[in-house]
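Q: Please take a close look at one part, the shell around the ligand, and explain which parts of the chain form it and how they are tied to the rest of the protein.

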Amino acid sequence: MKISVIGTGYVGLVAGACLADMGNNVICVDSNTEKIDQLKNGIIPIYEPGLEELIKANSRENRLIFSDDIHYAVQNSDICFIAVGTPQGEDGSADLQYVLEAAKSIAKSMNGYKIIVNKSTVPVGTAEKVKELISQNTNYPFDVVSNPEFLKQGNAVDDFLRPDRVIIGSDSEKATRNFSTIILVFFFFFIGINHTFYIFRKIFFVPIRVR
Ligand SMILES: NC(=O)c1ccc[n+]([C@@H]2O[C@H](COP(=O)([O-])OP(=O)(O)OC[C@H]3O[C@@H](n4cnc5c(N)ncnc54)[C@H](O)[C@@H]3O)[C@@H](O)[C@H]2O)c1
């Protein structure tokens with residue numbers, strides 16, 4: 001699959017490197033051009049066991065590239081992950097400005113059907129907000145999928161590749177099925193999930209115990 005990851009911080013960089021290592025073609029995007037320049041020059045801004053090796057190996061194979069051009073990244077991907085920060089606002093709630101900004105930029109860059117996957121930690125109802133904002137800024141079809149990340153710093157690569165839970169949710173059956181298939185096939189056949197897989201459509205939860 002052709003994938004873009006918007007936001008190359010802790011979550012985005014680990015997700016991008018691991019998704020590339022699964023055989024996908026990944027473009028990691030960040031609005032911080034200094035960070036992107038460093039990554040292009042092989043300088044990894046965070047330390048996580050195994051991450052540098054993954055980035056170097058997949059960059060060498062051209063499966064992982066870094067860019068500050070979100071337009072190029074969206075136009076050259078079928079699935080766009082949002083992995084930008086959601087810092088706590090003054091009242092303790094997640095500040096969604098970066099998520100909404102990324103969603104708007106994706107919408108304005110679309111050139112066909114896209115699955116837009118939110119990995120950032122956001123409150124319930126954010127997918128609806130993202131969907132509404134995207135529809136206001138594009139006429140192309142799209143689906144929004146929630147797939148929150150639970151990795152822990154210090155064990156991020158292993159947590160991403162061998163998660164103890166995976167949660168996928170969308171109001172689109174097609175997007176849920178397609179996205180779940182990509183993820184499920186990988187975990188079943190290549191890695192093996194440690195514990196539980198949840199797929200939900202609207203309010204229906206379907207827990208699948210794998211081990
Ligand atoms: N760090 C963790 O351990 C962890 C674990 C699980 C979930 N999360 C969640 O994942 C999300 C991302 O966290 P993080 O720690 O990776 O954040 P981060 O601050 O390390 O990285 C976010 C990146 O997004 C970039 N960015 C912001 N707006 C952008 C835009 N419009 N276009 C392109 N790039 C943009 C920033 O420059 C930054 O590099 C948050 O919601 C966080 O709560 C984090």
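A: For the description that follows, residues are sorted into three classes: Ala, Val, Leu, Ile, Met, Phe, Trp, Tyr, Cys and Pro count as nonpolar, Asp, Glu, Lys and Arg as charged, and the others, Gly among them, as polar. The model under discussion is predicted.

The ligand is surrounded by 27 residues, and the closest of them are G7, G9, Y10, G85 and S120. Sorted by class, this shell holds 12 polar, 11 nonpolar and four charged residues. Two helices, helix 1 (10–21) and helix 5 (97–109), each contribute at least two residues to the shell. Helix 5 gives the most, namely four residues.

Both helices may also be followed away from the ligand. The largest nonpolar core of the protein comprises 52 residues, and I6, F81, I106 and I116 have the most contacts inside it. Helix 1 supplies the largest share of this core, with eight residues. A general tendency is relevant here: in soluble globular proteins, nonpolar side chains tend to be buried together.

In helix 1, C18 offers an example that can be examined closely. A residue counts as buried when 20 or more other C-beta atoms lie within 10 Å of its own; C18 has 25 such neighbours inside 10 Å and is therefore buried. Apart from neighbours within four places in sequence, C18 is in contact with L54, V157, F160 and L161. Of these partners, F160 stands 142 residues away from C18 in sequence, yet the two C-alpha atoms are 7.4 Å apart.

Within the range of helix 5 lies I106, which is among the residues with the most contacts inside the core. Residues up to four places away in sequence aside, I106 touches I6, V74, C80, I116 and I134. Two of these partners, I6 and I116, likewise have the most contacts inside the core.

The wider setting can now be added. The protein has eight helices and nine strands, and 37% of its 211 residues count as buried. Among contacts with a separation of 6 or more, 68% join residues 24 or more positions apart.

Finally, the confidence of the prediction should be considered. The mean pLDDT is 89, and 87% of the residues reach 70 or more. Over residues 201–206, however, pLDDT stays under 50, and the model has 10 contacts beyond four places in sequence for that stretch.

How values were computed. Residues numbered from 1 in each chain as written. Predicted model: local features only at pLDDT ≥ 70, side-chain atom pairs only at ≥ 80, totals over all residues. Near = placed C-beta within 6 Å. pLDDT = per-residue confidence, 0-100. Contact = placed C-beta atoms within 7 Å. Buried ≥ 20, exposed ≤ 12 C-beta atoms within 10 Å, placed from the backbone. Core = buried A, V, L, I, M, F, W, Y, C linked by C-beta atoms within 7 Å.
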